[in-house]
Amino acid sequence: MSIKQGDYLKRLRIERGLSQERLSEALGLSRQSISKWEQGNSAPDIDNVKKLSEFFGVSVDSIINGEPDKFIVEPREEQQAVNTLEAAAEPIESASTAEEEKPHPKKKRGWLFSAYPIVTIIAYCIIGTVFSPKGWYMGWLILLTIPLFYTGILAAEKKKPVLFCYPVLTVIIYLLLGFGASLWHPSWIIFLTIPIFYIIAAKSHKNG
């Protein structure tokens, strides 16, 4: 391609407000090819000449001769190809943006989730009153179930047993056996299960 032909091709591109990169995308070519043609370092083959002719709405001869046609040619909507590329990219961008902006649905929990501490206090008062006086010094253990309740729900929802407050459970069992049956020994052995629980819980989460 001569300098004249390259200048003409460059003029067609600039008149339509296109960069070399956008033109190459619209034609399915490399930007380096467009650059070489405009600099006159190489010439497009016949297939690419036809592509340029159709895209810019000029004749094949005008591309080859490097000058406008002497007769009027119906201009082609060359921007349509560029718009097609943009339209193809928009659904992907829109879907990505929608995914990012989409709020994560909140967990719907029952009334007991927020009211559980109050429920335990009421239960403690009832146990203390009904089984007084033993109910008062043993019934308070029900208050220790509060962390068990919440960590149990979180562990189940996230499928992470390690979140469960297992040490509190061991304390409850130990005190029940101690107060209820005077089994302070050997019920203390239950505390040895704490590290075993977390080892198993950690492994199960890793495998999951």
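Begin by selecting Tyr137, Tyr174, Phe179, Trp184 and Phe191, which ring pairs link into a cluster; as you look at these side chains, keep in mind that the model is a predicted one. A search of the whole structure finds 14 aromatic pairs, and two of the pairs can be visited in turn.

For the first stop, keep Tyr137 and Phe179 in view: their ring centres lie 6.1 Å apart and their planes stand at 70 degrees, and because an angle over 60 degrees counts as edge-to-face, that is the class of this pair. Colouring the helices shows what the pair joins, since Tyr137 belongs to helix H8 (residues 134-139) and Phe179 to helix H10 (residues 166-181), with the two positions 42 residues apart in sequence numbering, so that distant parts of the chain are linked. If you switch on a surface, Tyr137 counts as partly exposed, with a relative accessibility of 43%, and Phe179 is likewise partly exposed, its relative accessible area being 30%.

Stay on helix H10 and select Tyr174 together with Trp184, whose ring centres are 5.4 Å apart and whose planes are at 70 degrees, so this pair too is edge-to-face. Here Tyr174 sits in helix H10 while Trp184 lies in helix H11 (residues 184-187), and the two are 10 residues apart. Is Tyr174 buried or exposed? Its relative accessibility is 19%, and because the limit for buried is under 20%, Tyr174 counts as buried. Trp184, by contrast, is partly exposed at 33% relative accessibility.

Next, move to helix H2 (residues 20-27) and helix H3 (residues 31-39), which pack at an angle of about 115 degrees with their axes 8 Å apart. Turning the view so that one helix lies over the other, you can follow H2 as it passes H3 in a right-handed crossing. To see which residues meet, select Gln20, Glu21, Leu23, Ser24 and Leu27 on the H2 side, and Arg31, Ile34, Ser35 and Glu38 on the H3 side. Sorted by class, this contact has 3 nonpolar, 3 polar and 3 charged residues.

Finally, zoom out to the whole protein, whose secondary structure comes to 12 helices and 0 strands. Of its 208 residues, 27% count as buried, and the protein exposes about 13900 Å², of which carbon and sulfur atoms supply 63%. Among the contacts between residues at least 6 apart in sequence, 54% join residues at least 24 apart.

Methods:
Residues numbered from 1 in each chain as written. Predicted model: local features only at pLDDT ≥ 70, side-chain atom pairs only at ≥ 80, totals over all residues. Heavy atoms only, no water. Axes fitted to C-alpha atoms, helices over the stretch in contact; angles between N-to-C directions. Helix = DSSP H or I, 4+ residues; strand = E, 2+ residues; numbered from the N terminus. Left-handed = near helix turned anticlockwise from the far one by under 90°. Contact = heavy atoms within 4.5 Å. Nonpolar A, V, L, I, M, F, W, Y, C, P; charged D, E, K, R; others polar. Buried < 20%, exposed > 50% of the residue type's maximum accessible area, 1.4 Å probe, protein only. Areas by Shrake-Rupley, 256 points an atom, 1.4 Å probe, with all protein chains shown as cover. Phe/Tyr/Trp six-rings, centres within 6.5 Å; stacked < 30°, edge-to-face > 60°.
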